[in-house]
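Reader: I would like to learn how to read side-chain contacts and strand pairing from a set of coordinates. Could you walk me through an example?

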Amino acid sequence: MRKYDSMIGKILRVVVLSLCIMGPLTGCAGKSAVSKDPVFFPPEPNPPRIQFLLGIRDSRDVEAKDDSFSLFSVQSGNQKTRVRTLVKPYGLAVNGTTLYVSDTMQRTVAVIDLEKGRFELLKGNFGPGSLKKPTGIAVDSEGQLFVADTQRRLILAYDALGNFVRSYGDDLKMKPVDVAVDSRQVYILDSENHSIRVLDRQSGKQKNEFGNTGDPDSRFRLPISMTLDDMGKFAVSNVLSGRILSYDRDGNYLGGFGKLGDGFGQFSRPRGVAAGGDGQMYVVDAAFQNVQVFNKDYRLLMFFGDPGQAKGSLNIPAGIAVSSGRLDYFQKLAAEGFELSELIFVANQEGPAKVSIYGLGHMRGVDYDAFYRQAEEERRKEQQRRDKEKIPSK
């Protein structure tokens, strides 16, 4: 990782503009000192494309503020409410302004409603609904929650009020690490059998399984995270191969990208993966401690994050979710003139912010096309100079 960071730093100092010709999102990760100024990625002189909006560590970042350093902060008459803290977040799902964050250390799911200023723990987490090691989670349009529990080896389902409803996979030998749902089916990412299991949502019976047969390049190799986009396509990150593989809901292989390594578009410890608008793909890397962004053709557009204590840093990131819902609420957190088009939520297992919220967008009045044309022209001239002097391209 240190080798990777050193390489990135040198490249940024020398050829930052050459990376900015890849497309409308192109750029590279940047660090920012802790200040009241907005934190944007990529760094100047590139026009901003992603802004760090908010970091959440505990309930005090969501609920009423308190100047006390006590673990008991919110008073109601003679009563005090204990501060609820995220310890080791892993999975993350979003529904409007409500975040669902699995915490493997506390064996629970935090339910954070930003608009209502509430930070609560999953109500149904007891008895048959008890969580042992929650990892990946999913939420449907009605607010029903599905949690993969790798220790109980089940998918646990809860209603919109947080009450335990049922479990999936009781009769299966598996190790679920992530889950996705649609109106008819529950999809379980099974790291033990290197596959996605497809279960009927009503009966709970398995209907299909895929990802563990066929050409070696199309097989899962210790899959760790997945996402299901609006078009019915899966993207699955694999620890052993460092590849992101895509399948449709019927189990047909659609392609893949990436490999293990420390270069651009490569991964060392791939974790969460999320699908955004226009077919973009966001991939978390826990070793590089950043998020890489790819277009629909799997071409690297930019990356952001970097470890540290500065605002906008990522520290051992794991889960990620992308949403375009309730932009009106989050727009209030953006810098003046920066118009949001998408929201990115990342769960950190360490660092000052256990959940980092970013906004993808553009600065009003900035001619992005002109900037990229200039960057392309400078890149072209630099390449001509190298060809003339016979200098190898970087």
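Author: Happily! Let's begin with charged side chains that join up in a group: in this predicted model, Glu115, Arg326 and Asp328 are linked in a network of salt bridges.

Reader: How many salt bridges does the structure hold?

Author: There are ten salt bridges in the structure. One of them joins arginine 60 to aspartate 58, with 2.9 Å between the closest N and O atoms.

Reader: For aspartate 58, is the residue buried or exposed?

Author: Aspartate 58 is buried, because its relative accessible area is 6% and the cut-off for buried is under 20%. Its partner, arginine 60, has a relative accessible area of 24% and is therefore partly exposed.

Reader: And which residue meets arginine 153 in a salt bridge?

Author: That is glutamate 192, at 3.2 Å from N to O. Here it pays to look at where the partners sit along the chain: glutamate 192 is in the loop between β14 (185–190) and β15 (195–200), while arginine 153 is in the loop between β10 (145–149) and β11 (154–158). The two are 39 residues apart, and the pair links distant parts of the chain. Glutamate 192 is partly exposed, at 33% relative accessible area, and arginine 153 also counts as partly exposed, at 33%.

Reader: Which residue forms a salt bridge with glutamate 339?

Author: Arginine 364 does, and the closest N and O atoms are 2.9 Å apart. Glutamate 339 belongs to strand β26 (residues 338–348) and arginine 364 to the loop between β27 (355–363) and α3 (368–389), so this salt bridge ties together parts 25 residues apart in sequence. As for surroundings, glutamate 339 is partly exposed with a relative accessible area of 28%, whereas arginine 364 is exposed with 53%.

Reader: Let's turn to the rings. How many aromatic pairs are found?

Author: A search of the whole structure gives 19 aromatic pairs. To read one, take the distance between ring centres together with the angle between ring planes. Tyrosine 158 and phenylalanine 164, for instance, have centres 5.7 Å apart and planes at 65°, an edge-to-face pair. Tyrosine 158 is buried at 1% relative accessibility, and phenylalanine 164 is partly exposed at 25%.

Reader: What are the distance and angle for tyrosine 329 and phenylalanine 330?

Author: The ring centres of tyrosine 329 and phenylalanine 330 lie 5.1 Å apart with 90° between the planes, and the pair is edge-to-face. Both of these residues are buried.

Reader: Which residues do ring pairs link into a cluster?

Author: The cluster contains Tyr187, Phe210, Phe220, Phe234, Tyr247 and Tyr253.

Reader: Where does the charged end of arginine 166 sit?

Author: It sits over the ring of tyrosine 168, 4.1 Å from the ring centre.

Reader: Finally, the strands. What is the order in the open sheet of four strands?

Author: Reading across the sheet, the order is β5-β6-β7-β8, and the pairing is antiparallel. To find the edges, look for strands that pair on one side only: these are β5 (89–95) and β8 (118–121). From one strand to the next, the twist averages 20°.

Reader: How many bridges join strand β6 to strand β7?

Author: Six bridges join β6 (residues 98–103) to β7 (residues 108–113), and the two strands run antiparallel. To follow one of the contacts yourself, start at leucine 99: its bridge partner in β7 is isoleucine 112.

Notes. Residues numbered from 1 in each chain as written. Predicted model: local features only at pLDDT ≥ 70, side-chain atom pairs only at ≥ 80, totals over all residues. Heavy atoms only, no water. Salt bridge = Lys/Arg side-chain N within 4 Å of Asp/Glu carboxyl O. Buried < 20%, exposed > 50% of the residue type's maximum accessible area, 1.4 Å probe, protein only. Phe/Tyr/Trp six-rings, centres within 6.5 Å; stacked < 30°, edge-to-face > 60°. Lys NZ or Arg CZ within 6 Å of the ring centre and 35° of its normal. Pairing = 2+ DSSP bridges. Axes fitted to C-alpha atoms, helices over the stretch in contact; angles between N-to-C directions.
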